[in-house]
Amino acid sequence: MTSITIYGGLSTIGGNCILIEENDTRIMLDNGMCFSKENLYYKDFLNPRTNNALRDYLELGLVPKIPGIYGKDKIKDVCLDTMDLESQYLFEHSLKSYEEYLRETGKPFISALFITHAHLDHFRNIKFMAPEIPIYCSKITKKLLAIVSDLSQENFLKYSYYEIKERSGGFFPGCTYKDKLYQKRDIKIANPNKKVRVPEDDPIFEVEGFPVDHSIPGAMAFQITTISGKRIIYSGDIRFHGHKHEKENSLQFLNNIEPIPELFIVEGTRISDNDQVSEKEVSHRMIALLKNDRNLHSKLIFVTFPWKSISRFLTVYKVAEALNRSLIIQPKLAYTIHHLKGFNSLKLGDILEKENIKIYLPRKYSMTYSKADYVYSKYNLSPHVDWDNEQEIDFYNCLYEDDILVRAYDIRNNPSHYIFHLNFYELNELIDIQPPKGSYFFNLKTEPFDEEGELEEKVLLSWISKFNLDYKKEHYHASGHAPEIHIREMINKVNPTLIIPVHTENSEWFSKNFGNTLILEQGTSYNF
Ligand SMILES: [Zn+2]
Ligand SMILES: [Zn+2]
């Protein structure tokens with residue numbers, strides 16, 4: 001018998017977590033953060049206590065309560081046994097850890113996790129999962145996990161745990177403290193056109209990944225075939241309106257899968273929306289508007305979009321070329337492009353070597369542009385963050401053109417030379433740049449739901465108004481998700497026995513339009 005259980009991503013956008021089971025063997029598809037749930041309890045400086053490991057998340061129901069997948073250190077504190085009986089409840093949760101489950105049953109609860117793409121709402125919870133669980137994703141997604149780990153406080157390639165140590169000196173010698181240690185995760189590559197067998201030695205599942213078009217590179221859909229011959233297709237997040245080389249992936253996915261699977265787990269983020277703006281149209285519309293402005297020569301052009309969106313970068317680069325301006329990108333985007341440029345499928349080539357690409361250098365620490373200001377944010381100066389005193393540092397201006405790094409005063413002096421990529425958390429830079437009045441600000445990132453966190457548009461608009469910028473949002477956004485018409489066409493082409501909608505706030509649309517829609521309860525298994 002085969003069964004499916006959905007633990008996250010039902011009637012909400014993101015936080016997908018799907019379990020497929022046959023012969024007492026299971027695989028998981030995605031395990032992501034659910035923004036809408038976390039926003040119910042947390043805001044601004046009120047956050048889950050990271051030092052309390054997984055326990056805050058479990059108590060509030062912010063991660064799926066699945067036994068046998070999370071590391072023992074995340075559920076029971078390393079100090080538990082040394083604590084008084086009355087305080088022990090503070091250091092444990094009743095959920096069974098990976099290790100406990102393995103000890104009791106002789107096999108792990110899940111044999112592998114497959115991640116569709118590197119958006120937090122699809123992979124964040126891997127940080128709690130036992131490092132022994134094999135994780136499969138595309139080569140680009142694995143690289144993006146490394147990039148995200150380099151650029152943030154969180155290392156998704158490693159599992160963290162603690163050991164108790166005793167202080168030898170300083171304040172309070174003899175007192176215990178927790179020493180943080182790391183274990184490498186087992187992240188494997190799911191190559192297109194190559195089936196992954198799970199478990200490797202006695203396979204129950206064969207999983208095949210298909211590259212698809214989405215707002216982040218490396219996204220995949222998966223086709224799972226079980227040993228009893230059942231087939232499940234999972235779209236992940238998908239669209240059909242990226243650049244030509246991107247949308248072809250989604251079309252090939254539909255052409256290459258076998259139709260009529262038992263189940264089609266399909267995303268429906270924009271199911272109530274029929275706007276069909278493509279990446280190409282965004283650049284055309286921007287160019288048309290800007291070329292029509294007779295005063296453009298005195299204006300700076302700002303664009304905001306997520307730094308992981310290579311697709312949107314290519315769109316804006318086309319605009320820069322058409323207007324004969326240089327595109328200044330944020331350091332995190334430059335870091336990402338440098339590390340992804342070897343993937344030919346992304347069509348990045350030697351783009352960082354081009355004269356019309358610049359990288360913004362923000363002021364930090366002493367605020368004097370001293371190199372020493374960047375030792376805690378090395379990515380601002382270099383595409384490598386493992387600096388070594390003994391070795392020369394690969395600064396961007398050594399690897400690429402020597403004037404690739406651009407400072408605020410360069411932009412202030414020559415606003416008409418540039419298109420400037422500026423994101424929400426960098427709005428302070430406007431104070432240094434002093435843009436000419438009436439400069440454009442294109443918001444190219446808004447989704448019905450922003451997968452990288454809530455967009456603080458109210459705050460953004462205060463900045464826009466303070467600096468007298470011309471705000472453009474409608475008509476200039478291509479979504480990362482397929483509109484209704486494309487979802488409908490995709491379902492017709494896949495022609496599944498049953499449809500399970502996920503990553504949507506409108507499951508009713510599926511029930512209304514397709515009689516074979518199955519609406520599941522969270523955590524309740526369905527046998528097929
Ligand atoms: Zn998503
Ligand atoms: Zn996504």
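Colleague: How many residue pairs are in polar contact between domain 1 and domain 2?

Modeller: The count is 9 residue pairs, both residues at pLDDT 80 or more. The model is predicted.

Colleague: Which elements supply the side of domain 1 that touches domain 2?

Modeller: α1 (35-41), α5 (120-123), α6 (139-151) and α7 (244-256) each supply at least two residues. The largest share comes from α6, with 8 residues. By class, that side of domain 1 has 11 nonpolar, 12 polar and 8 charged residues.

Colleague: Why is the pair Arg239 and Glu279 called a salt bridge?

Modeller: The two side chains meet at 2.9 Å, N to O. The cut-off is 4 Å, from a side-chain nitrogen of Lys or Arg to a carboxyl oxygen of Asp or Glu. The pair is within that cut-off, so it is a salt bridge. The count between domain 1 and domain 2 is 1 salt bridge.

Colleague: What makes the two domains count as in contact, with their C-alpha centres 32 Å apart?

Modeller: Contact is judged on heavy atoms within 4.5 Å, so the centres do not decide it. On that test, 31 residues of domain 1 are in contact with 29 residues of domain 2.

Colleague: How much area do domain 1 and domain 2 bury between them?

Modeller: They bury about 2500 Å², 64% of it on carbon and sulfur atoms. In domain 1, Leu151, His243 and His245 lose the most area to domain 2. Together they make up 25% of what that side buries.

Colleague: Where do the two domains run along the chain?

Modeller: Domain 1 covers 2-272 + 481-527, and domain 2 covers 279-472.

Conventions:
Residues numbered from 1 in each chain as written. Chains lettered and ligands numbered in written order. Predicted model: local features only at pLDDT ≥ 70, side-chain atom pairs only at ≥ 80, totals over all residues. Heavy atoms only, no water. Domains from an automatic or database assignment. Buried area = accessible area lost by both parts, 1.4 Å probe. Polar contact = N/O pair within 3.5 Å; in protein donor to acceptor, adjacent residues only side chain to side chain. Helix = DSSP H or I, 4+ residues; strand = E, 2+ residues; numbered from the N terminus. Nonpolar A, V, L, I, M, F, W, Y, C, P; charged D, E, K, R; others polar.
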